[in-house]
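Subject: Structure for you to look at

Hello,

Here is the structure I said I would pass on. Please open it and keep it beside this note while you read.

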Amino acid sequence: MRENAAKAFVRVWKVMEICFQILTEEKRVTQRELFYKLLCHSPDYFSSQLQVNRSIQDVVSLLRCSRFSLGIMASSRGLIAGRVILQGPNQEVVDCSACGSSGHPISGDLDYLDKLSVRTDARYIIVVEKHAIFQRLAEDRMFHHIPSILVTAKGYPDIATRFLLHRISRNFPKLPILALVDWNPAGLAILCTFKFGSIGMGLEAYRYACNVKWLGMRGDDLELIPEPSLVPLRPRDLQIAKSLNSSGILPETYREELARMVQSGKRAEIEALYFHGYDFLGKYIAHNIVGANYI
């Protein structure tokens, strides 16, 4: 066995050893906390967070379990706002329509999220790529104009945000989930992570996948924004586009949108819609929802 393969093998056992200790003590840790614990106990085998993340994925695949069942807690960046009331196991009640523009932070404790009681009279769930756009919609109380729940992971979705979205979707299966992302490969990749799961999570990849529809932005929206608002695609965008194309998961309509991005060589951000005024974003969302203009 080569040295690198031997070290990878040992890392798996080291992670399982620490996870056993965590579960025995009835504790939970984040992946970052686990990294520092392993760095102190086994510095010869762990020198980066990436090594820990890959070892956790190997353990999940080996034991065919979730990382939460190993005592590893999600680190959440997510927020939720709008017409939904959450009640925790401690009976604390949170009305997410009264949380202001900052929204309500989503807990990283999946066990807590699983025990939440969820009540809503919303007709839509709107997943927003960007924190600033989420704040704008929450501040404008968009969720009262279009009865909805707003969710953001502030970029690429973490497990906790995906878990809660999946939980709400499971409880209210008739609620359409609509995604508002930038018109670029990264925005599409974020949408696809919610819709299909994260390939990098191995067996857990599809565990929290939801039937998300693409509300915007899309290629036809380019006529709504001035030409100077379009910026060139970056090399990273082209790498993401190539990865998405080779994944085999994209529906034909999504492949066509991605091809249009690459052919144009341009990217458009949601904020470009502010050219028509700060209230135009809400009108744009309402127009697309009422017209069922999502794919």
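Glu25 is exposed, with a relative accessible area of 52%; exposed means over 50%, buried under 20%, and partly exposed in between, for a 1.4 Å probe and protein chains only. Glu25 sits in the loop between helix 1 (3-24) and strand 1 (29-30). Helices (H or I, at least four residues) and strands (E, at least two) are DSSP runs, numbered from the N terminus. From Glu25 to Arg83 there are 58 residues in sequence and 38 Å in space, C-alpha to C-alpha.

Some points on how to read the values. This is a predicted model, in which local features need pLDDT of at least 70 and side-chain atom pairs count only at pLDDT 80 or more, while totals for chains, interfaces and linings use all residues. Residues are numbered from 1 along each chain as its sequence is written, and side-chain values use heavy atoms, with hydrogens and water left out.

Next, the interior. The largest nonpolar core has 78 residues, and those with the most contacts inside it are Ile80, Leu110, Leu137, Leu281 and Ile285. A nonpolar core here is a set of buried Ala, Val, Leu, Ile, Met, Phe, Trp, Tyr and Cys residues joined through side-chain atoms within 4.5 Å. Helix 8 (residues 185-196) gives the most to this core, namely eight residues. There is also a second, separate core of 18 residues, which includes Val15, Met16, Cys19 and Cys65.

What does Ile80 touch, not counting residues up to four places away in sequence? Its partners are Leu86, Cys96, Gly103, His104, Ile106, Phe134, Ile149, Leu150, Val151, Leu164 and Ile168. Contact means heavy atoms within 4.5 Å.

Helix 8 has 12 residues and reaches 15 Å from its first C-alpha to its last, close to the 16 Å expected at 1.5 Å a residue. The expected span is 1.5 Å times one less than the number of residues. In helix 8, 12 of the 12 residues are buried, so this helix is largely enclosed by the rest of the structure. Its buried residues pack against strand 8 (124-128), helix 7 (159-171), strand 10 (177-180), strand 11 (212-216), helix 9 (235-247) and helix 10 (252-264). After helix 8 comes Gly197, whose phi is positive, near 100°.

Helix 7 has 13 residues and reaches 18 Å from its first C-alpha to its last, close to the 18 Å expected at 1.5 Å a residue. Of the 13 residues of helix 7, 11 are buried, so helix 7 is also largely enclosed by the rest of the structure. Among the buried residues of helix 7 are Arg162, His166 and Arg167.

Now a pair of helices. Two packed helices are described by the angle between their axes and the distance between the axes. The axes of helix 2 (residues 31-41) and helix 3 (residues 49-63) come within 9 Å and cross at roughly 110°. Axes are lines fitted to C-alpha atoms, for helices over the stretch in contact, and angles run from 0 to 180 degrees between N-to-C directions. The crossing makes helix 2 roughly perpendicular to helix 3; angles of 65 to 115 degrees count as roughly perpendicular, under 35 as roughly parallel, over 145 as roughly antiparallel and the rest as oblique. Gln31, Arg32, Leu34, Phe35 and Leu38 in helix 2 meet Gln49, Val52, Asn53 and Ile56 in helix 3. The residues of this contact divide into five nonpolar, three polar and one charged. Ala, Val, Leu, Ile, Met, Phe, Trp, Tyr, Cys and Pro count as nonpolar, Asp, Glu, Lys and Arg as charged, and the others, Gly among them, as polar.

Some backbone details follow. Arg64 has a positive phi of about 55° although it is not a glycine. Arg64 lies in the loop between helix 3 and strand 2 (72-73), and it is exposed at 65% relative accessible area. Gln91 is not a glycine, yet its phi is positive at about 75°. The peptide bond from Gly216 to Met217 is cis, with omega near -10°, and Met217 is in the loop between strand 11 and strand 12 (231-232).

Last, Pro232 in strand 12. Pro232 counts as exposed, at 53% relative accessibility. Leaving aside neighbours within four places in sequence, Pro232 is in contact with Gly265, Lys266 and Arg267.

Regards
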